[in-house]
Amino acid sequence: MRLAYSAGAPRTTRRARGPAERYQALFEFAPGASIVTDQSGTIVEANHAACALLALASQELRGRPLAELVAPRQRRGLQALVGQLRFGRRSSLERPLRLRVQGRPFDAV
């Protein structure tokens with residue numbers, strides 16, 4: 001699963017008109033699960049694959065802290081990595097996470 005943060009607001013348009021909209025369509029329909037958070041680790045958007053993996057609608061994920069989806073043992077490490085994103089030490093985060101899907105642990109790579 002790919003995690004990244006975005007300083008801008010999430011896009012809501014679905015019709016591809018220009019490069020930004022085409023990129024948005026690629027993000028939304030990419031086969032790999034991707035979640036975008038803001039600097040505090042709050043989910044601002046998740047693609048269709050992430051929603052399917054987590055069995056949650058996009059609206060249920062948006063505005064939710066990413067840490068809620070991560071297994072308790074990994075939360076502290078995730079918070080440290082989000083801090084690195086916040087202070088510019090990283091621009092994106094790609095790492096395996098142990099998530100909770102419908103209450104069950106799930107390894108997301």
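In which helix does Gln24 lie? Gln24 lies in helix α1, and the first close-up below is centred on this helix. All views are taken from a predicted model.

**Figure 1. Overview of the predicted model.** The protein contains 4 helices and 6 strands. Read from the N terminus, its elements follow the order β-α-β-β-α-α-α-β-β-β. Of the 109 residues in the protein, 38% are buried. Among contacts with a sequence separation of 6 or more, 42% join residues 24 or more positions apart. The protein exposes about 6800 Å², of which carbon and sulfur atoms supply 51%.

**Figure 2. The buried and exposed faces of helix α1.** Helix α1 spans residues 19-29, and its buried residues are Gln24, Phe27 and Glu28. These residues lie on the same side of α1, because they cover an arc of only 95° around the axis. The face turned away from this buried side carries the exposed residues Pro19, Tyr23, Leu26 and Phe29. The cover over the buried residues of α1 includes strand β2 (34-37), strand β3 (43-46) and helix α2 (48-54).

**Figure 3. Polar contact of Gln24 in helix α1.** Gln24 has a relative accessibility of 4% and therefore counts as buried, the cut-off being under 20%. The side chain of Gln24 makes a polar contact with the side chain of Glu45, at 2.8 Å.

**Figure 4. Surroundings of Asn47 in the loop between β3 and α2.** Asn47 is placed in the loop that lies between strand β3 and helix α2. With a relative accessibility of 1%, Asn47 counts as buried. A polar atom of the Asn47 side chain lies 3.2 Å from the backbone oxygen of Phe27. Residues up to four places away in sequence aside, Asn47 touches Phe27, Glu28, Ala30, Gly32, Ala33 and Ser34. Two of these contacted residues, Phe27 and Glu28, also belong to the buried residues of α1.

**Figure 5. Ala49 and Leu53 of helix α2.** Ala49 is located in helix α2 and is buried, with a relative accessible area of 18%. Between the C-alpha atoms of Ala49 and Pro31 the distance is 6.0 Å, although the two residues are 18 residues apart in sequence. Beyond its neighbours within four places in sequence, Ala49 is in contact with Ala30, Pro31, Gly32 and Ala33. Leu53 also has its place in helix α2, but counts as partly exposed at 25% relative accessibility. Leu53 and Ala33 are 20 residues apart in sequence, and their C-alpha atoms are 7.3 Å apart in space.

**Figure 6. Backbone at Ala55, between α2 and α3.** Ala55 lies in the loop between helix α2 and helix α3 (58-61). The phi of Ala55 is near 55°, a positive value in a residue other than glycine. Most residues other than glycine have a negative phi. Ala55 is partly exposed, and its relative accessible area is 40%.

**Figure 7. The largest nonpolar core.** This core has 20 residues, and those with the most contacts inside it are Ile35, Leu54, Leu61 and Leu69. Strands β3 and β5 (97-101) and helices α2 and α4 each supply at least two residues of the core. The largest share, 4 residues, comes from α2. In soluble globular proteins, nonpolar side chains tend to be buried together. Leaving aside neighbours within four places in sequence, Leu69 is in contact with Ile43, Leu54, Leu56, Leu61, Arg64, Arg98, Leu99 and Arg100. Leu54 and Leu61 thus appear among the contacts of Leu69 and, together with Leu69, among the residues with the most contacts inside the core.

**Figure 8. Helix α4 and the residue that follows.** Helix α4 (residues 75-86) has 12 residues. From its first C-alpha to its last, α4 reaches 16 Å, close to the 16 Å expected at 1.5 Å a residue. The buried residues in α4 include Leu78, Leu81, Val82, Gly83 and Leu85. Helix α4 is also one of the elements that supply at least two residues of the largest nonpolar core. Just after α4, Gly88 takes a positive phi of about 80°.

Technical notes: Residues numbered from 1 in each chain as written. Predicted model: local features only at pLDDT ≥ 70, side-chain atom pairs only at ≥ 80, totals over all residues. Heavy atoms only, no water. Expected span 1.5 Å × (residues − 1). Buried < 20%, exposed > 50% of the residue type's maximum accessible area, 1.4 Å probe, protein only. Arc of directions from axis to C-beta. Contact = heavy atoms within 4.5 Å. Polar contact = N/O pair within 3.5 Å; in protein donor to acceptor, adjacent residues only side chain to side chain. Core = buried A, V, L, I, M, F, W, Y, C linked by side-chain atoms within 4.5 Å. Areas by Shrake-Rupley, 256 points an atom, 1.4 Å probe, with all protein chains shown as cover.
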